[in-house]
Every structure is written in C-alpha cells, then in structure tokens.
Amino acid sequence: EVAMVEPDRQVESVCPYCGVGCQLTYNIKDDKILYVEGRDGPANHGRLCVKGRYGFDYVHHPHRLTKPLIRREGAPKSGDFTMEPNDIDKIFREATWEEALDMAAKGFLKIRDEKGPNALAGFGSAKGSNEEAYLFQKLIRTGFKTNNVDHCTRLCHASSVVALLECLGSGAVSNPVADVDKADVIVLIGANPTVNHPVGATWMKNALRAGTKLILLDPRTTELSRQATHHLAFKPGSDVPMLNAIMHVIVEENLVDKNFVAERTLGFEAMKKHLQKYSPELMEPICGIPAQTLREVARLYATANTAMILWGMGVSQHVHGTDNARCLISLSLMTGQIGRPGTGLHPLRGQNNVQGASDMGLIPMRLPDYYKVQDDSARHKLEQLWGSEIDSKPGLTVVEIMDAIHEGKLNGLYIMGENPAMSDPDANHARQALSELDILVVQDIFLTETAYLADVILPASGFPEKTGTFTNTDRLVQMGRTAIPMPGDARQDLWIIQQIAQRMGLDWNYDGPKEVFDEIRKAVPSMGGITWERLEREHGVVYPCEQEGDPGEPIIFTDRFPTTDGRGLFVPADIVEPDERPDDEYPYILITGRMLEHWHTGSMTRRSNVLDALEPEAVATIHPLTLEEMNVRPGEMVTLSTRRGEVSVVARVDEAVPTGAIFMAFCYYEAAVNKLSNAALDPAAKIPEFKYCAVKVTPGGEP
Ligand code: SF4
C-alpha cells in the first residue's frame with residue numbers, strides 16, 4: 001500500500017523551460033514541491049511536456065548555492081569542471097553578503113574609473129524575469145555606463161530578430177503557435193518542436209490530423225516527418241539556394257499576390273530580378289532537392305488560403321542565419337501569407353523568457369522596446385526616465401566580448417544566470433577568456449562551469465522562489481509566482497542587482513517586481529497598457545497592449561508593418577558558404593542542438609532526478625551508414641575532434657541524422673560539445689555557426 005502525500009498548498013505559475021510558456025501549478029508540502037500539474041493557459045490548455053512535468057526538483061538539489069563565495073587568493077582558474085568538484089573548498093571560501101557585494105562593486109568601479117566603461121560588460125539571462133532583465137540592462141547602461149550587455153538570444157535567434165526588424169520593423173512573431181489550427185499549410189524549417197517545443201508541437205499534430213498540410217524543410221528526419229506532405233531533407237547549410245528556388249517558381253509561375261505586394265511592400269522588382277538566377281534546376285545539385293519537388297512546394301505554399309511559417313535554430317545558427325530569415329520573410333510577403341489568422345512568421349523562441357529579455361533591451365545595440373541605441377530621440381526619452389546618460393555607441397555581443405577579453409580590452413564581467421563556459425562556441429576559448437578577467441562576478445543557483453571560474457559567486461533565487469513576468473514565444477506576458485522559500489542565504493536576483501547598483505552610486509530602491517514592472521510600462525510602450533493587477537487576475541496578457549483595457553493583439557501586421565512607411569521590405573540574399581567545410585582531415589559535419597529531456601547547458605535538468613535518469617549520458621547520434629563507414633558499432637566510444645578541441649562520447653545509431661553528419665546536444669559537462677563548435681559569426685546578427693562545422697571521428701576514447 002502506498003501512502004499518498006497530500007500537498008498543503010498550491011501556487012499557480014508558468015514553466016521555467018521553453019518559450020511555449022505553459023502555465024502550471026506547483027503542489028507543495030512543507031515548502032517542498034511534490035509535483036506539478038498543467039493549468040489551462042492560452043499556450044498549453046492543461047498540457048505539459050516531460051520537462052515541465054518532472055523537471056522541478058532541481059530547486060531542492062543539495063548542490064544549490066546557499067552562501068556567497070569568494071575565490072581564494074592564488075586559486076588557479078583552470079582545470080576541467082566536474083559536477084561535484086572535490087577541491088571546491090580549496091578554490092572558494094564562504095563570505096558574507098556585505099563582503100561579496102563590496103568586492104564585486106569595487107572591482108567593477110575600479111575598472112570603470114581606471115580603464116573606462118567599455119572595459120566592463122554584463123550577460124543577463126533569458127531564464128530571468130522581465131523585471132530582472134530590465135534592471136540588469138539598466139545597471140549596465142547607467143552604472144557600468146556601457147552598452148556591452150547581451151544574453152543568449154545572441155546564440156539562438158539574433159539573426160531572426162535582425163531580419164524581422166530590418167524587413168518588417170518588429171522582431172517578434174506575427175501569429176501565435178496555436179494559429180496552426182487555422183493554417184491550410186504549415187512550413188516548418190530548421191525546427192524540431194516535438195523535442196524543443198513539445199506542447200507547441202501538439203497543436204501542430206492536431207492541425208495535421210484535421211487536414212492541414214505540412215511542408216517540413218530539415219536535413220534531419222524528425223518525428224513530424226511522418227506526417228509531412230513533403231519532407232525536403234536539404235543539404236545542411238543550403239537554406240538560401242533552396243528558398244530562393246522556391247521563390248523563383250512563385251514569380252515564374254505567376255503565383256505572387258500582386259495586390260499585397262503593390263500595397264504593402266517595397267523592393268519587389270529588385271527581388272524578382274535577383275531570383276532569376278535561382279531556378280530549381282540550377283539549385284537542385286546545390287541543395288539536394290529535386291527541382292520538381294521545389295516546384296510542388298512553391299505551388300502548395302503560394303496557393304494555400306492560409307499558410308504559416310515556423311522556424312528554429314536550424315535557420316538562425318549559421319553565418320548566413322540572417323539571410324535565411326530574410327528569405328522566409330520574402331516568401332511570406334510575395335504571397336501575402338501574413339497579417340491574417342493562420343498565416344505569418346513564427347521564429348520559435350527557445351528559453352521561457354528570451355522574448356522578454358530582448359524586449360527589455362538586454363541586447364547591446366537596442367534599448368528597451370528595440371529602439372536603436374543611436375536613436376537620439378528614444379535615448380533622450382529613456383535618459384529622462386532613468387535620470388542618467390546612456391552611451392550612443394552600440395556595445396559588444398557575447399562572442400565579441402570574449403574576443404575583447406582575450407585582447408586585454410575588457411577586464412570585468414557580471415554574469416547573471418548564464419553559462420557561457422558551456423553555451424558559447426569554441427568553449428575552450430571562452431573558458432580561457434573568462435579566466436583572464438580581472439573580476440568575474442557570477443550570480444546563479446548552482447556552481448556552473450562558468451561560476452567555477454568566478455572571483456565572486458552570488459547565490460540567487462530559483463524560478464519557483466520568485467515572482468515576476470515572463471514573455472513567451474507568442475508575445476504573451478505571464479505571471480510567475482513565488483512558490484517556495486530560497487535555501488540558506490540565497491537572495492532574490494532583483495535584490496542582488498540593486499545592491500550592486502547602490503554600491504556603484506545609483507540611488508535605487510525598487511520595492512519588489514511590481515514597482516519595476518510599472519517602470520517597464522513607461523520604457524516599453526508596447527506593454528504600456530498591461531497592469532500588474534490584470535496579470536495577477538488573468539495570468540497572462542499578449543502585447544502589443546498600449547492602453548489600459550486594450551485586449552492585446554495575438555496577430556499583428558494586419559494592415560501595416562511598423563516600419564517608417566508601413567511597408568514590408570524585400571531583402572535579397574545570395575549564397576554564403578558555411579564557414580568551415582568538411583575536408584580530408586575533418587571529413588564530417590557536426591551539428592549541435594538540444595534534446596527533449598535536458599535543457600540548454602543542463603544546469604537545472606541534469607539535477608532533476610527523472611530527467612537525468614532518462615538521459616544520463618552524452619551521446620553522439622550518427623546515421624548507421626556513417627557509423628559503418630567509421631568502423632564503429634553503436635554503443636562504442638568515439639572521439640570527436642575539430643580544429644578547436646576534442647570530446648569522447650558513446651556513439652548512438654540514429655537514422656534521423658543525415659549521412660555524413662553527427663548530432664550532439666550541448667547539455668553534458670562531461671562532453672561539452674561546444675569545445676568543438678565554430679565561433680564564426682553571421683556578420684549582421686553576430687550569431688555563431690552552431691549548426692555546421694567540420695569534424696573528425698576516431699573510434700575509442702576515454703569517457
Ligand atoms: Fe515547459 Fe516548454 Fe514543456 Fe511547456 S512545452 S512544459 S513550456 S518545456
């Protein structure tokens with residue numbers, strides 16, 4: 001007989017993981033989360049995936065940081081991190097909050113005053129709330145006095161945002177995911193939603209069952225391939241020639257929506273001319289898709305009454321990521337498949353608040369609400385609100401910051417909730433850079449691989465330990481609520497940011513997240529109409545919502561684009577080769593990404609019992625034919641090497657991976673695949689090419 005433990009209270013919140021933004025209920029007894037249930041939110045209607053349902057016990061893990069830590073004098077910043085470093089007491093000593101905060105702020109002030117503001121930088125987090133993101137970037141801009149502030153959007157959808165802002169004047173999605181049920185055709189490219197946006201994928205499956213057609217564009221076979229009308233398994237990196245060929249057919253066969261193009265767009269004639277050289281027959285050998293299939297797909301998309309494009313990081317994480325997104329935008333503009341229910345463009349956002357963190361200005365070239373830092377009028381308005389000057393020069397991005405450290409130009413870094421030692425490309429280079437800083441301050445809930453290199457570690461609040469707002473991939477602002485107390489001497493992130501701000505001379509005294517949110521409403525006009533009380537009452541409100549009482553707009557671009565002339569812009573894209581092609585020495589292609597059971601760098605899900613039991617070990621997934629060619633049997637160890645490093649892992653057979661390629665998730669510290677990835681950047685968005693580099697595979701290796 002099993003005795004059921006009954007919860008003594010319930011708290012309504014949202015999921016801490018992906019951008020779908022499922023609403024959930026924490027069931028708690030004696031301040032411990034017992035289990036989690038789905039709630040009837042707009043994005044999930046009661047559903048949860050395995051991460052949302054089982055990935056909650058990390059908050060109670062014994063590895064939680066409960067005291068501020070300071071690196072011991074002379075402790076070396078080197079060596080490989082392990083989850084339970086046994087030399088931890090030799091490297092760090094416990095400190096009081098006063099001592100740790102003083103040391104952090106004094107370190108930053110010294111660098112700012114002696115070397116100038118641009119010798120400092122901050123990485124905020126897409127896992128934090130809007131209020132935390134907003135205050136963090138405000139501290140970097142007004143306390144550090146630099147625009148060197150960025151976060152992991154740089155590593156996921158920066159290219160999508162750059163293209164959307166350039167072509168349509170807004171970096172957000174046009175329609176919610178659930179709109180797929182109104183689409184006759186769905187185009188899904190470079191995304192694996194059953195793994196990365198699982199509840200979002202259930203709406204797609206429902207739509208397909210009801211008759212919607214799916215065009216799947218992906219080099220990998222994914223679970224949705226079986227339901228696809230067409231699966232175009234194009235050669236990795238050949239997105240632009242394939243998409244240009246599809247658009248070539250639309251123009252050639254007169255399938256363009258002439259009225260939409262005439263009334264709502266600019267630049268079509270130049271685009272038409274540009275596309276002439278991209279016939280499907282010429283592009284077939286480049287992208288590996290038969291010309292006839294490209295023609296069929298073009299007709300299907302262009303002649304559908306409603307067709308929606310959704311994409312993921314298979315599109316964005318390339319040196320031509322911005323070009324890929326430009327092509328998708330052009331495709332929707334030339335066919336008028338935007339601005340109506342069941343149409344539009346949806347870059348599927350990764351983390352639960354990556355949309356919000358970007359909206360809050362946690363990016364080096366844009367202020368809150370995406371105003372350019374060079375925009376004098378927007379900057380002056382914000383300067384009045386903040387009572388402080390803002391630099392008009394855009395700051396450095398994530399990878400540029402690492403390069404600047406190596407060059408000795410950047411000496412102090414404040415990291416809140418991010419783990420670049422695992423998530424940055426060429427992670428050995430990133431770790432080396434972090435170890436070269438004069439001062440590295442890391443605010444987190446665990447001793448991450450990044451915190452391991454810190455001078456000061458500030459123990460922060462876990463997701464269910466704080467209240468704040470989070471914006472999902474649909475632009476839905478939702479309320480996350482405090483469910484349990486923090487462990488030990490850990491503190492609220494908002495409190496920590498303010499303590500550092502005060503020590504750097506800023507007169508800040510926000511009395512909790514509501515007061516910060518009220519200021520956000522002034523700094524971010526598109527959220528100006530959302531009140532804290534309404535969020536508490538309704539749990540979520542979609543923006544744009546400029547005036548109190550506005551219902552919010554789930555579908556945007558219905559009659560104009562938010563550009564200066566209201567029109568969408570065609571931006572032609574030419575073929576740009578991946579930065580590092582396979583050759584005799586490194587003959588295979590390495591693709592990195594995520595997996596269903598683990599979340600990003602694994603700091604939370606690797607410490608969730610159920611999730612880590614499901615996928616406890618790093619694997620390299622490889623097509624059976626490629627494994628045979630390598631002379632490796634499934635389950636054997638292989639060593640993957642690139643020009644930047646090597647890792648040894650178990651080989652897992654997987655027919656879904658294209659021949660000649662290897663796929664690895666980046667969540668395993670034991671085999672940190674980003675030691676291998678390429679830091680080459682897309683020139684417009686500065687996003688690294690995680691989805692393509694040349695790799696060598698040799699049988700054997702030590703786990
Ligand atoms: Fe959480 Fe995303 Fe899963 Fe929903 S789909 S439960 S938001 S991880």
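Entry 1, ring pairs. Before anything else I need a rule: rings of Phe, Tyr and Trp pair if their centres lie within 6.5 Å. I'm working on a predicted model, and I keep that in mind throughout.

With that rule in hand, I asked which residues ring pairs link into a cluster. They turn out to be F108, F136, F144 and Y414. By this rule the model has twelve aromatic pairs in total.

I zoomed in on one of the twelve. F108 and F144 have ring centres 4.7 Å apart, with 50° between the planes, and that makes a tilted pair. What does this pair tie together? F108 belongs to helix α3 (residues 97-115) and F144 to helix α4 (residues 130-144), so the contact joins parts that are 36 residues apart in sequence. I also checked whether F108 and F144 are buried or exposed. Both are buried.

Next I looked up F463 and F470. Why is this pair called tilted? Planes under 30 degrees apart count as stacked and over 60 as edge-to-face, with the rest as tilted. The F463 and F470 planes meet at 55°, with the centres 4.9 Å apart, so the pair is tilted. F463 and F470 are buried too.

Entry 2, charges over rings. I noted two cases here. The charged end of R220 sits over the ring of F663, at 4.0 Å from the ring centre. R607 has its charged end over the ring of F446, and there the distance to the centre is 4.3 Å.

Entry 3, a sheet. I then followed an open sheet of five strands. In what order do the strands come? I read off β10-β9-β8-β12-β13, with parallel pairing. At the edges are β10 (230-232) and β13 (344-347), and each of them pairs on one side only. Going from one strand to the next, the twist averages 15°.

I picked β8 and β9 for a closer look. How many bridges join strand β8 (residues 185-189) to strand β9 (residues 213-217)? I found five, and these two strands run parallel. Within them, V187 stands opposite I215 in β9.

Entry 4, helices on the sheet. Helix α6 (residues 158-168) packs on the sheet and touches β12 (307-311) and β13. The direction of α6 makes about 155° with that of β13. Helix α13 (residues 291-303) packs on the sheet as well, touching β8, β9, β10 and β12. For α13 I noted an angle of about 125° with the direction of β10.

Terms used:
Residues numbered from 1 in each chain as written. Predicted model: local features only at pLDDT ≥ 70, side-chain atom pairs only at ≥ 80, totals over all residues. Heavy atoms only, no water. Phe/Tyr/Trp six-rings, centres within 6.5 Å; stacked < 30°, edge-to-face > 60°. Buried < 20%, exposed > 50% of the residue type's maximum accessible area, 1.4 Å probe, protein only. Lys NZ or Arg CZ within 6 Å of the ring centre and 35° of its normal. Pairing = 2+ DSSP bridges. Axes fitted to C-alpha atoms, helices over the stretch in contact; angles between N-to-C directions. Contact = heavy atoms within 4.5 Å.
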